[in-house]
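Student: Could you walk me through this model, starting wherever you like? I'd like to jump between topics as we go.

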Amino acid sequence: MENKKKDELNRRFIFREILPEEADQAADIEQICFPPNEACSEAMMKERAIRVPELFLVAVDRETGKLAGLLNGLATDEPSFRDEFFTNAGLHDPAGSNIMLLGLDVLPTYRGQGLAREIMSRYLCRESGRGRKLVILTCLESKVKMYEKMGFSNNGIAESSWGGEQWFEMCYLLNR
Ligand SMILES: CC(C)(COP(=O)(O)OP(=O)(O)OC[C@H]1O[C@@H](n2cnc3c(N)ncnc32)[C@H](O)[C@@H]1OP(=O)(O)O)[C@@H](O)C(=O)NCCC(=O)NCCS
């Protein structure tokens, strides 16, 4: 992303881990961003935000003090995605080499300005600095190109049957 766009995003947003009191907002954003069959439940989102805040990266609108977008995941040594990562934050292993991404959400009014790309770029940089090796996510076919633009490779159809949909598994190599 060109520097001017990045500077503008930095002027408007604070990027950081989630705070416990923001768990409700994260749960609401997930319901706004995804249809009911794809969204993680409020309980799942809150549990994840409270138990694994260090694997969240949120963008906070400096004007409102509220979340505009977020990316969250869990760490593990497992090599591929399975749906239980969505439902069970207890699978998180703080020392895990790999990250399973569980949701990239930007509220509708903040879309189309590069915010998702900036959140992802900062997340990858942070987890690379933590020595993680691989970042894995699943997405619908309509989002494959978006993640390719963010540097991910397509592993093809995923094991996942989340929400009764067909998912693609994508990965990003951080460190060997
Ligand atoms: C998908 C989503 C996160 C994108 O957020 P955003 O801040 O508008 O995205 P950005 O502005 O950073 O766009 C990044 C790139 O992805 C592309 N992109 C953005 N939204 C897209 C969409 N819905 N479908 C396909 N590509 C998309 C953009 O064209 C852009 O590429 P460019 O820089 O070459 O133009 C946001 O629309 C959202 O929360 N949607 C609902 C939840 C969702 O689908 N999340 C991802 C599911 S796996």
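**Loops, helix 2 and the ligand**

Tutor: Let us start with glutamate 22, which is found in the loop between strand 1 (13-16) and helix 2; helices (H or I, at least four residues) and strands (E, at least two) are DSSP runs, numbered from the N terminus. Before going further, note that this is a predicted model, in which local features need pLDDT of at least 70 and side-chain atom pairs count only at pLDDT 80 or more, while totals for chains, interfaces and linings use all residues. Residues are numbered from 1 along each chain as its sequence is written, and side-chain values use heavy atoms, with hydrogens and water left out.

Student: OK, is glutamate 22 buried or exposed?

Tutor: Glutamate 22 is buried, because its relative accessible area is 5%, where buried means under 20%, exposed over 50% and partly exposed in between (1.4 Å probe, protein chains only).

Student: And what does glutamate 22 touch, not counting residues up to four places away in sequence?

Tutor: Glutamate 22 touches Arg16, Val58, Val60 and Leu67, a contact being heavy atoms within 4.5 Å. In addition, the C-alpha atoms of glutamate 22 and alanine 49 are separated by 8.1 Å, although the two are 27 residues apart along the chain.

Student: Moving on to helix 2, which of its residues are buried?

Tutor: In helix 2, which covers residues 23-33, the buried residues are Ala23, Gln25, Ala26, Ala27, Ile29, Glu30 and Cys33.

Student: What covers them?

Tutor: The cover over the buried residues of helix 2 includes helix 3 (42-51), strand 2 (56-61), strand 3 (67-76) and strand 4.

Student: Where is phenylalanine 34, then?

Tutor: Phenylalanine 34 is found in the loop between helix 2 and helix 3, and it counts as partly exposed because its relative accessibility is 23%. Leaving aside neighbours within four places in sequence, phenylalanine 34 is in contact with Ala39, Leu104 and Asp105. The C-alpha atoms of phenylalanine 34 and glycine 103, 69 residues apart along the chain, are separated by 9.5 Å.

Student: New topic: which residues come nearest to the ligand?

Tutor: There are 18 residues around the ligand, and Leu104, Val106, Gly112, Gly114 and Arg117 come nearest, where being near requires a heavy atom within 4 Å. Strand 4 (98-106), helix 5 (115-129) and helix 6 (144-149) each supply at least two residues of the shell around the ligand.

Student: What about polar atoms, say from leucine 104?

Tutor: A backbone N or O atom of leucine 104 lies 2.8 Å from a nitrogen atom of the ligand. Polar side-chain atoms also lie beside ligand oxygen atoms, at 3.2 Å for arginine 111 and at 3.4 Å for lysine 143.

Student: How much of the ligand does the protein bury?

Tutor: Taken alone the ligand exposes 880 Å², of which the protein buries 72%; these accessible areas come from the Shrake-Rupley method with a 1.4 Å probe.

Student: Last one, where does serine 153 sit?

Tutor: Serine 153 lies in strand 6, which spans residues 153-157, and is partly exposed because its relative accessible area is 41%. Leaving aside neighbours within four places in sequence, serine 153 is in contact with Glu169, Met170 and Cys171. By C-alpha atoms, serine 153 and lysine 46 are separated by 30 Å, with their positions 107 residues apart along the chain.

Conventions: A polar contact is a pair of N or O atoms within 3.5 Å; within protein, one must be able to donate a hydrogen and the other to accept it, and residues adjacent in sequence count only if both atoms are side-chain atoms.
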